[in-house]
Amino acid sequence: MFHGVNPKFLKVGKTRHQLKQGAQTAFSKGVCFIGKMIRSKGYTELLQPLSEHQNEFSDLQVDLHGNGEDFDEIQDSFSKLTLDVRIYSGRDHVDPLFHECKVFVNPSTTDVVCTTTAEALAMGKLVICANHPSNEFFKQFPNCHMYNTSHRVCEIDS
């Protein structure tokens, strides 16, 4: 079956699965988001529920990775949160830095099929994305969780 995901991501997923089967911790980090640092890639959609639900997410660490023309504006917006949000330059999703990340969130509704979402699913991560036609393909995967509102994001169990 052709799926378009680089085999490197599948290899990471297999390793993570084997760790889990061996009763080891497969993922030691929280939430990550990778995307070009422009508002249309979902940063506004991510900021809204994090801002509205800071009390529920108080123990959550969120890592944002990307480069782009809105970097400074996005960094400023997220720095106003009381949450542990860390912003880094962009890197390739297969970088070992991302192997430990348990949850990949992608609130963007502008991509036809988001490559980073497919990669995260292949790596065995839990994926949280908007219930939107652009994400329809990903509904078939058991580790993909869709949401319709910011309230629903808070109800998703890991």
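**Figure 1. Strands β1 and β2 side by side.** I34 stands opposite H65 in β2. The model shown here and in the other views is predicted. Strand β1 spans residues 29–34. β1 pairs with β2 in the parallel sense, over 4 bridges. β2 itself is mostly covered, with 4 of its 5 residues buried.

**Figure 2. The open sheet of 6 strands.** The strand order is β3-β2-β1-β4-β5-β6, and the pairing is parallel. β3 and β6 stand at the edges. Each edge strand has a single partner, so one side of each is left without a neighbour in the sheet. Neighbouring strands are turned by 25 degrees against each other on average, direction ignored. Helix α3 packs on the sheet and touches β2 and β3. The direction of α3 makes about 165 degrees with that of β3. Helix α4 (residues 115–122) also packs on the sheet. Its contacts there are with β1, β4, β5 and β6. The direction of α4 makes about 155 degrees with that of β4.

**Figure 3. Helices α2 and α3 in contact.** α2 covers residues 43–52 and α3 covers residues 71–79. Their axes lie 11 Å apart and meet at an angle of about 5 degrees. Angles under 35 degrees count as roughly parallel, and α2 and α3 are therefore roughly parallel to each other. From α2, the contact is made by Y43, L46, L47 and L50. From α3, the contributors are I74, S77 and F78. By class, this contact of α2 with α3 has 6 nonpolar residues, 1 polar residue and no charged ones.

**Figure 4. The two sides of helix α3.** F71, I74, S77 and F78 are the buried residues of α3. They cover an arc of only 130 degrees around the axis, which puts them on the same side of the helix. D72 and S79 are on the other side of α3, where they are exposed. The buried residues of α3 pack against three elements: α2, β2 (61–65) and β3 (84–88). Of the buried set, I74, S77 and F78 also belong to the contact with α2.

**Figure 5. V105 in strand β4.** V105 lies in β4, which runs over residues 101–106. Its relative accessibility is 7%, so V105 counts as buried; the cut-off for buried is under 20%. Beyond residues up to four places away in sequence, V105 touches V31, C32, F33, L46 and I128. V31, C32 and F33 fall within β1 (residues 29–34). L46 is one of the α2 residues that make the contact with α3. I128 falls within β5 (126–130). T116 is 11 residues from V105 along the chain, and the C-alpha atoms of the two are separated by 9.8 Å.

**Figure 6. N135 in the loop between β5 and β6.** The loop holding N135 links β5 (126–130) and β6 (144–147). N135 has a relative accessible area of 2% and is buried. Neighbours within four places in sequence aside, N135 is in contact with S108, C129, A130 and M146. C129 and A130 fall within β5, and M146 falls within β6.

Technical notes: Residues are numbered from 1 along each chain as its sequence is written. This is a predicted model: local features need pLDDT of at least 70, side-chain atom pairs count only at pLDDT 80 or more; totals for chains, interfaces and linings use all residues. Side-chain values use heavy atoms; hydrogens and water are left out. Buried means under 20% relative accessible area, exposed over 50%, partly exposed in between (1.4 Å probe, protein chains only). Contact means heavy atoms within 4.5 Å. Axes are lines fitted to C-alpha atoms, for helices over the stretch in contact, and angles run from 0 to 180 degrees between N-to-C directions. Angles under 35 degrees count as roughly parallel, over 145 as roughly antiparallel, 65 to 115 as roughly perpendicular and the rest as oblique. Ala, Val, Leu, Ile, Met, Phe, Trp, Tyr, Cys and Pro count as nonpolar, Asp, Glu, Lys and Arg as charged, and the others, Gly among them, as polar. The arc is that of the directions from the helix axis to the C-beta atoms. Two strands pair if DSSP finds at least two bridges between them.
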